[in-house]
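Trainee: Could you take me through one part of this protein up close? I would like to see how two of its helices meet, and then what lies around them.

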Amino acid sequence: MSITGKTSVYGIIGNPVEHSLSPLFQRYFARQTGVDSVYVPYLVQENDLATAMHGLTALGVQGLNVTVPYKEKVLPYVSASAEVTAIGAANTLLRSNSSWQAYNTDWQGVEAVMQGTGLSIRGAYVLLFGAGGTARAVLHAAYQQGVARMGICNRSPERVHALIQHAKATYPDIQCDILDWHQQSVDLACEEANIIINTTSIGLHGDQRFPFILSGEGWAMDAVYHVSGATAFTQAASRGGRSVVDGLPMLIAQGARSFELWHAKIQLDVADALRWMVKILERDTLILPGWER
């Protein structure tokens with residue numbers, strides 16, 4: 001598409017942003033739907049966040065994605081939706097008059113992949129690794145899907161206790177238990193959990209190995225994505241016999257929900273977008289049964 005005075009501008013703010021795949025699939029969404037827009041990555045230094053938010057407003061940018069380290073830090077500059085208040089983080093901003101309305105579509109990305117596994121989630125037990133911001137999005141998705149119990153395993157006792165307190169206050173219908181960062185505790189949880197989810201940063205940098213054997217039946221979902229599709233977590237779970245999916249479908253699904261927020265009445269085919277991304281990245285075919293129905 002050629003850029004004219006009618007072209008709307010969208011983008012992503014973060015630090016770093018040069019690695020982001022969001023511009024790639026957001027441009028694909030625009031081409032597929034005929035939306036006259038461009039999507040720009042904006043590298044924002046932490047001391048410049050307030051200036052950047054005011055500047056992007058003044059320049060008429062219509063919508064933004066927010067990535068690390070600004071998902072929480074952006075909150076003073078926006079009007080928060082209910083899910084942003086519950087999760088404590090925003091990843092999608094929509095221009096509203098002279099201000100920004102904040103949403104969180106990360107949890108919808110998690111929910112979409114949960115549904116994509118084809119497993120029955122309502123009343124289920126889920127094993128979660130990690131206790132940071134992404135873990136809060138997982139909790140929100142689990143609540144929306146009717147998960148009954150969650151075992152939470154994290155290296156930092158302080159962070160996992162804080163997450164448990166948040167869960168009790170926000171999602172009292174989910175029974176959350178703390179699991180020791182130990183193979184024996186993980187083994188017992190894996191026997192019961194048909195879905196295990198990683199939100200830690202293990203495998204994000206370097207050649208780290210996931211510290212546990214992840215046995216059992218069902219699916220393993222990683223929030224971390226890799227160009228090849230093989231992360232430390234998915235490799236550990238695959239060796240244990242589970243079906244695995246890295247963070248690419250989750251990333252595409254949350255981005256699709258952002259696009260739909262910016263452009264009312266548009267519904268995207270995430271399965272189609274996933275097939276396109278897999279081809280572009282020259283990865284092995286990745287199929288989520290629930291997305292192909």
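Mentor: Happy to. In this predicted model, helix α1 passes helix α9 in a right-handed crossing. To find the pair, look for residues 22-33 for α1 and residues 248-262 for α9. The two pack at an angle of about 50°, with their axes 10 Å apart. That angle is why α1 counts as oblique to α9.

Now for the side of each helix that takes part. From α1, the contact is made by Phe25, Gln26, Phe29, Ala30 and Thr33. From α9 come Leu251, Ile252, Gln254, Gly255, Ala256, Ser258, Phe259 and Trp262. Sorted by character, the residues of this contact are eight nonpolar and five polar, with no charged ones.

Next, follow the chain away from the two helices. Ahead of α1 there is a loop that connects it with strand β1 (8-14), and Pro16 lies in that loop. Pro16 is joined to Asn15 by a cis peptide bond, with omega about 10°. A cis peptide bond also joins Val68 and Pro69, where omega is about 5°. Pro69 sits in the loop between β3 (63-66) and β4 (79-80).

On the other side of the pair, go past α9 into the loop that leads to α10 (270-280), and you will find Lys265. Its phi is near 75°, a positive value in a residue other than glycine. Lys265 has 88% relative accessibility, so it counts as exposed. Go on to the segment after α10 and you reach Glu282. Glu282, likewise not a glycine, has a positive phi, near 55°. With a relative accessible area of 73%, Glu282 is exposed.

Finally, step back to the whole protein. It has 10 helices and 12 strands, and its C-alpha trace spans about 60 × 40 × 35 Å along the principal axes. A compact globule of 293 residues would have a radius of gyration near 19 Å, and the protein agrees with that, at 19 Å. Buried residues make up 52% of the 293. Of the contacts between residues at least 6 apart in sequence, 72% join residues at least 24 apart. The meeting of α1 (residues 22-33) with α9 (residues 248-262) is a good place to see two stretches of the chain packed together.

Technical notes:
Residues numbered from 1 in each chain as written. Predicted model: local features only at pLDDT ≥ 70, side-chain atom pairs only at ≥ 80, totals over all residues. Heavy atoms only, no water. Axes fitted to C-alpha atoms, helices over the stretch in contact; angles between N-to-C directions. Helix = DSSP H or I, 4+ residues; strand = E, 2+ residues; numbered from the N terminus. Parallel < 35°, antiparallel > 145°, perpendicular 65-115°, else oblique. Left-handed = near helix turned anticlockwise from the far one by under 90°. Contact = heavy atoms within 4.5 Å. Nonpolar A, V, L, I, M, F, W, Y, C, P; charged D, E, K, R; others polar. Buried < 20%, exposed > 50% of the residue type's maximum accessible area, 1.4 Å probe, protein only. Rg over C-alpha atoms; globule rule 2.2 N^0.38 Å.
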